[in-house]
Structure formats: structure tokens, C-alpha cells
Amino acid sequence: MTLLTLDGVDAGYDGTRVVSGIDLALDAGEILALVGESGSGKTTIGRVIAGLIAPQAGRMRWRGQELPARRQRTQRRDIQVVFQDPYLSLNPYRSVGGVLGELLRATGQTARRADTRRAAGELLERVALPAEVAAARPAQLSGGQRQRVAIARALATRPSLIVADEPTSALDVSVQAAILELFGRLRSDLGTAILVITHDLGVVEHLSDRVAVLQAGEIVEQGSTGQILSHPSHPYTRRLLAAVPRLPDPPEAPGTGRPSS
Ligand SMILES: Nc1ncnc2c1ncn2[C@@H]1O[C@H](COP(=O)(O)OP(=O)(O)OP(=O)(O)O)[C@@H](O)[C@H]1O
Ligand SMILES: [Mg+2]
């Protein structure tokens, strides 16, 4: 089922046009990677989809219906955003459990205190955080834990789509893979569609079903991840792929036929 379509969308800030003629389609449960160099307009597209800025032209549809710039409450809940730096988007004065609980109550999922606490605990479990994190404030957590909290908060409204803007680029490499794995698990367990905005072709390779390549505000190529990575047709995509630093294969340990560690 098609969840979201963008049809000839233009967008920008204060009358300036940053992206133009954007055509995109996203199916339920699909992971689409939006790639392109810095300043090409990736975040701008994410903001339009999330309803944070209004398109200047074009149409957006959500589950087959016109998606207005001013979202209905259910549409706001159905499309959630996870940003690069959760520190900026998490209230420093609120405990994690308090924030999750408020969302659960506001969306009518829980009413009684004990139910709210249990549901918040389930959200933390879903993002593989220990229950004690409920009592913590953002400053008391590591970067990876904060990003998990931001994901739990996004999940609290049971969205069908999460727009994840560079969700791993502020994190230590050792944590990046775990966060990517978490996104993959959300999709397979909950059927959440994900639009992942990234510079990192490793993210593309490991997570996404399809890729759209943005250059200077226009989509120059889109297709399945396998197709784009192995047979990029646009010269810009080829340059983008060629610019990725690849780690050399690990040397084989003598006699074992396996890589040494
Ligand atoms: N709030 C804003 N007001 C005015 N111009 C903006 C604003 N945000 C972004 N821009 C401009 O829009 C263009 C695209 O920015 P955008 O943030 O969408 O790029 P991006 O592809 O996400 O880049 P990066 O990879 O660096 O995050 C840039 O030229 C930027 O200067
Ligand atoms: Mg950006």
C-alpha cells in the first residue's frame, strides 16, 4: 500500500526555493534513503514531509488523501521525526518517563498512572533501554541512549512513518550499527516505514530498500538499493559512490581462512 506520495513538490524558506519538482513515493513498511551532498535539500524535504514547513508548490498525499501543510492531529501523530542531535530536541528538564508518559496520555493510550508507567517501560524495552532510564534526564544519558530515547518518543504515538534525519551521524561508530539495527527491527516488528536522510552509504546499504539521490534540490535518480549501488546511472550518483572511503578488507589470519581480529 502506498503511504506517501510527493508530486512535483517545491519547497524552501522565505520565498527562496531550495528543492523543486520532487516526486517521491513511499510504501507502508518501506525504508527509503534520501542521499545527496550537504546543502542539496535533504533536510528540507524531511521538513516538508513532517509538516514543519509548507510546500511552495506541488501535492502531497497520505494514504491516498491530500496531505495539507497544516496537519490534522492524527496525521501529526502518524508521521514522526528523529533528528541528528536528540540533545536539541529533548527537553533537558523532563525525565524520560515523564515525556513518554505525557505522550501516552495525550494520545489516549493510557489514563491510569500504573498503565502509563508500564506502557512507557514497554517503549523503552522496544528501543533496548533499561527500565531505569525512565527516571533519567537527557543530560544523564550517553549520545546513543539519547538517540534511543528520541526514537522511543517518536514511537509513542504509533507512527506509520518516521523521518530520520542523519540519525546516526552524531554518534560514535560503535553505536551507529546498533541504532541502524534498531530501525530495521522497528520496520520488521511494527511495520513502520522510514525515510532515512543520510550522507552515509553504509546506512543505505544496510538499511534501505530504495534510494533517492538529490542534487542541488532535484532528485536525479531513484531506484532499489541494489540497483543504485551496483549500477548508478546518473554521473552524480557515480561520483557520490566513488567519494565514499571504503575500508580495506581485513587481512586473512594465516591458516584459518578467516579474517584476523
Ligand atoms: N531555516 C532555513 N532558512 C533559510 N535557508 C535554509 C534554512 N535551512 C536550510 N536552508 C538552506 O537550504 C539549503 C538546503 O538545506 P538543507 O538543510 O535542506 O540541506 P541538506 O541536504 O540537509 O544538507 P546537510 O547534508 O548539510 O544537512 C541550503 O542552501 C541551506 O542554506
Ligand atoms: Mg540536513
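This passage describes two sheets, the helices that pack on them, two buried residues and one pocket in a predicted model.

The first sheet is an open one of 6 strands, arranged in the order β6-β7-β8-β3-β9-β10 with mixed pairing. Its edges are formed by β6 and by β10 (218-224), each of which pairs on one side only, and the twist from one strand to the next averages 15°. At the β6 edge, β6 and strand β7 (residues 161-165) pair in the parallel sense over 4 bridges, and Q80 stands opposite I162 of β7. Helix α6 packs on this sheet, where it touches β6 and β7, and its direction makes about 170° with that of β6. Helix α10 (residues 235-242) also packs on the sheet, in this case touching β3 (31-35), β9 (210-215) and β10, with a direction that makes about 105° with that of β9.

Within this sheet, β3 is joined to strand β8 (residues 193-198) by 5 bridges and to β9 by 4 bridges, and in both pairings the strands run parallel. In the pairing with β8, A33 stands opposite V196, whereas in the pairing with β9 the bridge partner of V35 is V213. In a regular strand, side chains alternate between the two faces of the sheet. Both faces of β3 are covered, with I31, A33 and V35 buried on one side and L32 and L34 buried on the other, and 5 of the 5 residues of this strand are buried.

Two of these β3 residues, A33 and V35, recur among the contacts of V204, which also touches T198, V211, T225 and L229 when neighbours within four places in sequence are left aside. V204 lies in helix α8 (residues 201-207) and counts as buried because its relative accessibility is 0%. Between V204 and T225, which are 21 residues apart in sequence, the C-alpha to C-alpha separation is 7.1 Å.

A second buried position is found in helix α6 (residues 143-155), which contains R146. R146 counts as buried because its relative accessibility is 16%, and buried means under 20%. Apart from residues up to four places away in sequence, R146 touches P86, Y87, L90, P138, A139 and L141.

The other sheet is likewise open and consists of 4 strands in the order β2-β1-β4-β5, with antiparallel pairing. Because β2 (16-27) and β5 (65-66) each have a single partner strand, one side of each is left without a neighbour in the sheet. Strand β4 (residues 57-62) and β5 run antiparallel and are joined by 2 bridges, and here R61 stands opposite E66 of β5. Helix α1 (residues 42-50) packs on this sheet, touching β1 (2-13), β2 and β4, and its direction makes about 120° with that of β1.

Rolling a probe the size of a water molecule over the atoms shows where empty space is left. The second largest pocket holds about 470 Å³ of space. It is lined by 21 residues, of which L52, R76, I79, Q80 and V81 are the closest to its centre. The elements that contribute two or more residues to this lining are α2 (73-78), β6 (79-82) and α4 (96-106). By class, the lining comprises 9 nonpolar, 5 polar and 7 charged residues. Q80 therefore belongs both to the residues closest to the pocket centre and to the pairing of β6 with β7, within the limits that the definition of a pocket sets.

Terms used
Residues are numbered from 1 along each chain as its sequence is written. Chains are lettered from A and ligands numbered from 1 in the order in which they are written. This is a predicted model: local features need pLDDT of at least 70, side-chain atom pairs count only at pLDDT 80 or more; totals for chains, interfaces and linings use all residues. Side-chain values use heavy atoms; hydrogens and water are left out. Buried means under 20% relative accessible area, exposed over 50%, partly exposed in between (1.4 Å probe, protein chains only). Contact means heavy atoms within 4.5 Å. On a 1 Å grid over the protein atoms alone, a cavity is a set of points where a 1.4 Å probe fits but cannot get out, and a pocket is an open set with protein on both sides within 12 Å along at least five of seven lines; lining residues have an atom within 4 Å of a point. Grid points are joined across faces, edges and corners, and a volume is the space filled by probe spheres set on the points. Ala, Val, Leu, Ile, Met, Phe, Trp, Tyr, Cys and Pro count as nonpolar, Asp, Glu, Lys and Arg as charged, and the others, Gly among them, as polar. Two strands pair if DSSP finds at least two bridges between them. Axes are lines fitted to C-alpha atoms, for helices over the stretch in contact, and angles run from 0 to 180 degrees between N-to-C directions.
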